[in-house]
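Trainee: I am new to this structure. Can we go through it in short steps?

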Amino acid sequence: MNGELLIGRVRWWHLTEMARMETAIFGPEAWSEGLLWSELAAGHDYRAVFDRSAGGPEGRIAGYAGTAFSDTEAWINNIAVDAGYRRRGVATMLMDDLVARARAGGAKSVFLEVAVDNVPAQRLYDRYGFYGIGVRKNYYQHTGTDAAVMRMDL
């Protein structure tokens with residue numbers, strides 16, 4: 001893996017770049033900058049992988065993930081990797097980090113929703129031991145795509 005890729009906390013000044021990535025990756029289902037602000041304001045944990053060899057002082061965001069924690073559960077709210085950084089271990093860095101943080105926080109399980117047609121993401125989650133527990137019909141409102149609900153026990 002590239003030694004220039006480092007994981008760190010998302011700050012408010014990263015949200016514009018993240019919103020641009022959302023649009024490029026998720027199209028009509030993208031989260032807006034305002035919604036990302038709301039996620040941070042709600043205290044959800046957002047981490048990013050920064051490419052220190054590109055971009056500004058902190059580097060360019062290669063990918064990010066958001067997680068909501070409760071006493072015994074963690075929910076992955078979103079995870080995204082810029083197209084130029086795919087297949088370079090960015091998603092694995094993010095998943096390793098959020099699973100470690102969930103364990104350290106006392107979570108007993110991690111949940112997520114993923115589009116039923118997003119096979120690459122499902123393969124990633126399978127590698128971590130996630131398993132299907134249900135389907136949310138028409139979960140993605142703009143496209144009408146169903147979401148598979150998945151769980152991983154810690």
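Mentor: Start with a cut-off: a residue is buried under 20% relative accessible area, exposed over 50%, and partly exposed in between. Keep in mind that this is a predicted model.

Trainee: Is W12 buried or exposed?

Mentor: The relative accessible area of W12 is 52%. Exposed means over 50%. So W12 counts as exposed.

Trainee: And which class does W37 fall into?

Mentor: W37 has a relative accessibility of 40%. The range from 20% to 50% is the one in between. That makes W37 partly exposed.

Trainee: How many aromatic pairs are there in the whole structure, and what kind is the pair of W12 and W37?

Mentor: A search of the whole structure gives five aromatic pairs. In the pair of W12 and W37, the ring centres are 6.2 Å apart and the planes differ by 25 degrees. Planes under 30 degrees apart count as stacked. The pair of W12 and W37 is stacked.

Trainee: How many residues apart in sequence are the parts that this pair ties together?

Mentor: W12 sits in the loop between β1 (5-9) and α1 (15-26). W37 belongs to helix α2 (residues 33-41). The pair therefore ties together parts whose separation in sequence is 25 residues.

Trainee: Which residue joins W12 and W37 in one aromatic cluster?

Mentor: The cluster includes W12 and W37. One residue of the cluster is still to be named. That residue is W13.

Trainee: How is α1 placed relative to α2?

Mentor: Their axes are 9 Å apart, and the packing angle is about 125 degrees. Angles of 65 to 115 degrees are roughly perpendicular, and those over 145 are roughly antiparallel. An angle of about 125 degrees fits neither, so α1 is oblique to α2.

Trainee: What is the make-up of the contact of α1 with α2?

Mentor: From α1 come L15, T16, M18, A19 and E22. They meet E33, L36, W37 and L40 in α2. By class, the contact has one polar residue, two charged and six nonpolar.

Trainee: How do α3 and α4 lie relative to each other?

Mentor: Helix α3 (residues 90-104) and helix α4 (residues 119-127) have axes that come within 11 Å and cross at roughly 45 degrees. Angles under 35 degrees would count as roughly parallel, and those of 65 to 115 as roughly perpendicular. That makes α3 oblique to α4.

Trainee: What is the handedness of that crossing, and which residues of α4 make the contact?

Mentor: α3 passes α4 in a right-handed crossing. On the α3 side, the contact is made by A91, T92 and M95. On the α4 side, it is made by L124, Y125 and R127.

Trainee: Where is R87, and what is its phi?

Mentor: R87 is in the loop between β4 (73-81) and α3. With a relative accessible area of 86%, R87 is exposed. It is a residue other than glycine, yet its phi is positive, near 65 degrees.

Trainee: Which strand holds N138?

Mentor: N138 is not a glycine, but has a positive phi of about 50 degrees. Its place is in strand β6 (residues 131-140).

Trainee: Y131 is also found in strand β6. How far apart in space are Y131 and L40?

Mentor: Y131 is partly exposed, at 35% relative accessibility. In sequence, Y131 and L40 are 91 residues apart. In space, C-alpha to C-alpha, they are 28 Å apart.

Methods. Residues are numbered from 1 along each chain as its sequence is written. This is a predicted model: local features need pLDDT of at least 70, side-chain atom pairs count only at pLDDT 80 or more; totals for chains, interfaces and linings use all residues. Side-chain values use heavy atoms; hydrogens and water are left out. Axes are lines fitted to C-alpha atoms, for helices over the stretch in contact, and angles run from 0 to 180 degrees between N-to-C directions. Helices (H or I, at least four residues) and strands (E, at least two) are DSSP runs, numbered from the N terminus. A crossing is left-handed if the near helix is turned anticlockwise from the far one by less than a right angle, and right-handed if clockwise. Contact means heavy atoms within 4.5 Å. Rings of Phe, Tyr and Trp (its six-membered ring) pair if their centres lie within 6.5 Å; planes under 30 degrees apart count as stacked, over 60 as edge-to-face and the rest as tilted. Buried means under 20% relative accessible area, exposed over 50%, partly exposed in between (1.4 Å probe, protein chains only). Ala, Val, Leu, Ile, Met, Phe, Trp, Tyr, Cys and Pro count as nonpolar, Asp, Glu, Lys and Arg as charged, and the others, Gly among them, as polar.
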